[in-house]
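Visitor: I am new to this structure and would be grateful for a close look at a single part of it. Kindly begin with one residue and then place it among its surroundings.

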Amino acid sequence: MKFDIHNHNRRVFILHTLAGACVAATVPQAHAATDTDAVKETDAYPKSMGFRLNTANVDQTKYPRHTLAQRCGECQLYSSKAGDPTGNCSFFKRVVPVDGWCRNFKQRKAAT
Ligand code: SF4
């Protein structure tokens, strides 16, 4: 089989173009993730879950089973480093404050 330099260059060009497109597609997503890290009370889905940045501001009439002891820091779905005022919520898959709350609160089991 004869080596065709034009075909070879074309293949290299296509591979480089595809690689560039992959990088371009990943970089903005990583950037967007940082911009939207923290859950906001005004975000549509958290809002529908009654999310509050501070458990003291939960609408008690709307959520009568809520207590002030319920906060993200006591939720099974929350994880953070000791002393960090924020942590990751595995439900929203974003950052929430230790004193936050949403109606998906699940009491963390006591350590045994
Ligand atoms: S699921 Fe738990 S950690 Fe996540 S926002 Fe609701 S109360 Fe906080």
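**A buried residue and the sheet before it**

Guide: Asn-104 is buried, because its relative accessible area is 14%, and a residue counts as buried when that value is under 20%. The model under discussion is a predicted one. Along the chain, Asn-104 belongs to the segment that follows strand E3. The side chain of Asn-104 also has a partner: a polar contact joins it to the side chain of Lys-106, at 3.0 Å.

Since the position of Asn-104 is given by reference to E3, the sheet that contains this strand may be described next. Three strands make up an open sheet, arranged in the order E1-E2-E3 and paired in antiparallel fashion. Its edges are formed by strand E1, residues 78-79, and strand E3, residues 94-97, each of which pairs on one side only. Strand E2 spans residues 86-89, and four bridges connect it to E3, the two running antiparallel. Two of the pairings may be named: Thr-86 has Pro-97 of E3 as its bridge partner, while Gly-87 is matched with Val-96 of E3.

The turn between these two strands deserves attention. E2 and E3 together form a hairpin, with four residues between them. One of the residues in this turn is Lys-93, found in the loop that links E2 and E3. The phi angle of Lys-93 is near 60°, a positive value in a residue that is not glycine. Lys-93 counts as exposed because its relative accessibility is 69%, and the cut-off for that term is over 50%. The turn of the hairpin thus holds an exposed residue, Lys-93, whereas the segment after E3 holds a buried one, Asn-104.

The ligand completes this view. The ligand sits in the largest cavity. Around it are Cys-72, Cys-75, Leu-77, Tyr-78, Cys-89, Phe-91, Phe-92, Cys-102 and Phe-105. By residue class, this shell consists of nine nonpolar residues, with no polar and no charged ones. Some of its members refer back to the sheet: Tyr-78 is in the shell and falls within the span of E1, 78-79, and Cys-89 is likewise in the shell and falls within the span of E2, residues 86-89.

How values were computed
Residues numbered from 1 in each chain as written. Predicted model: local features only at pLDDT ≥ 70, side-chain atom pairs only at ≥ 80, totals over all residues. Heavy atoms only, no water. Near = heavy atom within 4 Å. 1 Å grid on protein atoms, 1.4 Å probe; cavity = no way out; pocket = protein on both sides within 12 Å on 5 of 7 lines; lining within 4 Å. Sits in = over half its atoms within 2 Å of the grid points. Nonpolar A, V, L, I, M, F, W, Y, C, P; charged D, E, K, R; others polar. Pairing = 2+ DSSP bridges. Buried < 20%, exposed > 50% of the residue type's maximum accessible area, 1.4 Å probe, protein only. Polar contact = N/O pair within 3.5 Å; in protein donor to acceptor, adjacent residues only side chain to side chain.
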